[in-house]
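Reader: Please choose one part of this assembly and go through it closely, giving the cut-off behind each term as you use it. I would rather have one connected account than a list.

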4 protein chains.
Amino acid sequence: MAESDIFKAQGFGQKLGLGEQPALVIVDFVNGFDDPALFGGGNIHAAIEETVLLLKTFRALGLPIAHTRTVFAADGSDRNLFMMKVPALAGMTEDNPASHIVPLLTPVAGELIVKKRDASAFLGTDFSSWLARNRVDTLIATGCTTSGCVRATVVDALGHGYRPILVTDCVGDRALGPHHASLFDMGQKYADLMTRAEVTAALTADARRAAAE
Amino acid sequence: MAESDIFKAQGFGQKLGLGEQPALVIVDFVNGFDDPALFGGGNIHAAIEETVLLLKTFRALGLPIAHTRTVFAADGSDRNLFMMKVPALAGMTEDNPASHIVPLLTPVAGELIVKKRDASAFLGTDFSSWLARNRVDTLIATGCTTSGCVRATVVDALGHGYRPILVTDCVGDRALGPHHASLFDMGQKYADLMTRAEVTAALTADARRAAAE
Amino acid sequence: MAESDIFKAQGFGQKLGLGEQPALVIVDFVNGFDDPALFGGGNIHAAIEETVLLLKTFRALGLPIAHTRTVFAADGSDRNLFMMKVPALAGMTEDNPASHIVPLLTPVAGELIVKKRDASAFLGTDFSSWLARNRVDTLIATGCTTSGCVRATVVDALGHGYRPILVTDCVGDRALGPHHASLFDMGQKYADLMTRAEVTAALTADARRAAAE
Amino acid sequence: MAESDIFKAQGFGQKLGLGEQPALVIVDFVNGFDDPALFGGGNIHAAIEETVLLLKTFRALGLPIAHTRTVFAADGSDRNLFMMKVPALAGMTEDNPASHIVPLLTPVAGELIVKKRDASAFLGTDFSSWLARNRVDTLIATGCTTSGCVRATVVDALGHGYRPILVTDCVGDRALGPHHASLFDMGQKYADLMTRAEVTAALTADARRAAAE
């Protein structure tokens, strides 16, 4: 039996579907993760370019948008276990361009910027309260890395009560093995998988329907 | 370049090491996950048998022990998104033996039993406060599934400030592909990987040292 | 200058208003808190009787309803700091009628029952994910005690992104000094204060408007 | 029966005692809360002056120290419900001196600075993981206001597994009624109350004992 058949036989992988109020999160598309010499590589840059188009759609539709950055204090005061495991994170300080969002996706005023120090956008941040306040029920997830901060954010989104939709061509990883393995796991247990084109079509159809009412 | 070399070049995968106060968590080793017709299969049963030995060590050393179970209300009142994604979870009610801890690992009085409704043992529970109260700094993680509830628990442990040690032969998954992919990811980003024999030797040496002081 | 004038001059005490999706939470109206020999007294019983009417309204309108209970394990495994501060909480075990919801407010199938071990209904529970999943934006808060579990729940509701409305005649405390002091603090900083009659009128008007659309 | 006798008869107000690893938190002693024209007044300035002495003790003993600031984004992107209730909080931006820690208590490198947007230092921050990582078991709480951010922080500390010690002369409020009411509530349910002199004596005695071993 193929591995995917085991999950199918046990009833995994049902669809959540889009809800009534989607929001976009762009996880850690910062210069340091767009640079193969730092934390980048693999299909990350291609995912950034695809996300540019999705961000445009969200802005056009006036939907809530959040960006995340990983930022640590220069004096080491907020050094944590994640940094012990990955010491180069110490360089992601406020003033280092490596921690700044890539120019292709520069936030505009009013878009939330979540500064975090762990993998998940939810952990140690007030991202969840922003989602609740905006009555978001669906979190469209993009960013990097698929097997790292994106996955941690998706698992937490599900647990916090927000349906995660993982945009398969808007997420990237420095290595393709972990990328594909995490796509599989998330599709079975935590998120719906959709391409950017599918998400765009669904959101646009929703917006048309709302305008017609 | 091999994928593991990319991570190595970027400085991932450093060791956290054992701290001063370890605790054991046994994630979801319940009958339903020991049954291939329900949520089980793969190397889960073998991991249960290996965990019996580790539990014995923790009890002998008098170290803190926690078990987790996934339990939902019979009336559907706490139905959540995880259950939408995996509908068979609805059967994991208090009275269903599928939700009970496997007989080989039956908790004894005083061991914490965390009832949860999401993947992570931390989400929607007071597991974290139990760890803090016991001044735990190292969480020895066992259970199933490696790519599901164990991984979610390990990611949260790191984020909450507790060093995760993943016991590689005491964790199992219904399919080996996801099992190995998650071992790799966790070893690079979130946890130290040790065998049961290595953990046992380290804990026993610590205990001897403490007794000698 | 009267104390309330200091708050007024600094701009405290603005109204949040009711949002689009209210839910009711009934905090710890259990037998042990309806018994002056245990944790009760003061105006708690009167608040229970008033809450019976509000619960009826919520049921008639089909709005989400949650009850909380404080429940500890009989074997002491989940003993925490709250219990160190208030040792009699150890008696609030699953089987002790003191921990059961008062007969006047017995939950019906489908109403959420949050079992907690701290003051706030949010701490160490998945109450927040239930609110998010139901797209609740307004939490109508009743229960006891005003200065204890109700206040802790209200402060957390605000922080989690749900507007708290404190129903002044549906909350009670074992002593009136703390009751009134907490009403004041919450009205200035964390919640809108409304009577049961005001909440009922507002919800009924909303329902009529929705039906007319 | 006096109100305090009701609490006594029901067993409230037991002592937690100091644990083995205390940390200091100084809540929101920023210029805006030291200014009666903004958020200050009452006994806040006196509490700041007393806290200067306690901070000196903590630095001399090399114990972990955290400061909190309330900081909102200038573009309104992180506007939340707390700000709806207290609109003047919108002015507490990164560049506004009102949000800066008072000169008497300026942090030195290595001391944690928690930027928060709600009352509690725990909500939407990674303060808890810093405490866990440092194996703190006792949180010595100072700052302002007693009935606001200090109380919310103390309630959360207890719930997260850290014993709160409220330093009665190092906390202040813009009005004395709420100050005293919250001291009473916290002493009964959430924290031990000690003066600065008592805390200093206890910490110094602990340090001497440790040095003698």
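Author: In this predicted model, strand 2 of chain D pairs with strand 3 (residues 112–116) of chain D in the parallel sense, over 5 bridges, where pairing requires that DSSP find at least two bridges between the strands and where strands (E, at least two residues) and helices (H or I, at least four) are DSSP runs numbered from the N terminus. Within that pairing, T70(D) has K116(D) of strand 3 as its bridge partner. Being predicted, the model is read with thresholds: local features need pLDDT of at least 70 and side-chain atom pairs count only at pLDDT 80 or more, whereas totals for chains, interfaces and linings use all residues. Residues are numbered from 1 along each chain as its sequence is written, while chains are lettered from A and ligands numbered from 1 in the order in which they are written.

Strand 2 of chain D also pairs with strand 1 (residues 22–27) of chain D, again in the parallel sense, here over 4 bridges, and in this pairing A66(D) is the bridge partner of V25(D). The path between these two strands runs from strand 1 of chain D through helix 2 (residues 44–61) to strand 2, a β-α-β crossover that is right-handed, which is to say that, with the strands pointing away from the viewer, the path over the helix runs clockwise. Because 6 of the 6 residues of strand 2 (residues 65–70) of chain D are buried, the strand is largely enclosed by the rest of the structure; buried requires 20 or more other C-beta atoms, placed from the backbone, within 10 Å of a residue's own, with 12 or fewer counting as exposed and values in between as partly exposed. Both faces are covered, with I65(D), H67(D) and R69(D) buried on one side and A66(D), T68(D) and T70(D) buried on the other.

In chain C, strand 2 pairs in the parallel sense with strand 1 (residues 22–27) over 4 bridges and with strand 3 (residues 112–116) over 5 bridges. T68(C) is the bridge partner of V27(C), and T70(C) stands opposite K116(C) in strand 3. Strand 1, helix 2 (residues 44–61) and strand 2 of chain C make a right-handed β-α-β unit. From strand 2 of chain C, I65(C), H67(C) and R69(C) point one way and A66(C), T68(C) and T70(C) the other, and all are buried.

The two chains carrying these strands also touch: 38 residues of chain D are in contact with 38 residues of chain C, contact meaning C-beta atoms, placed from the backbone, within 7 Å. Helix 1 (3–9), helix 3 (81–85), helix 5 (146–160) and helix 6 (176–189) of chain D each supply at least two residues to the side that touches chain C. That side of chain D has 20 nonpolar, 11 polar and 7 charged residues. Since 100% of the interface residues of chain D are also interface residues in chain C, the copies meet through the same surface. Chain D can be laid on chain C with an RMSD of 0.0 Å by a turn of 180° and a shift of 0.0 Å along the axis, superposed by least squares on the C-alpha atoms of residues with pLDDT of at least 70 in both. That is the relation of a two-fold axis, and the C-alpha of chain D nearest the axis is that of A181(D), 3.2 Å from it.

How values were computed:
Ala, Val, Leu, Ile, Met, Phe, Trp, Tyr, Cys and Pro count as nonpolar, Asp, Glu, Lys and Arg as charged, and the others, Gly among them, as polar.
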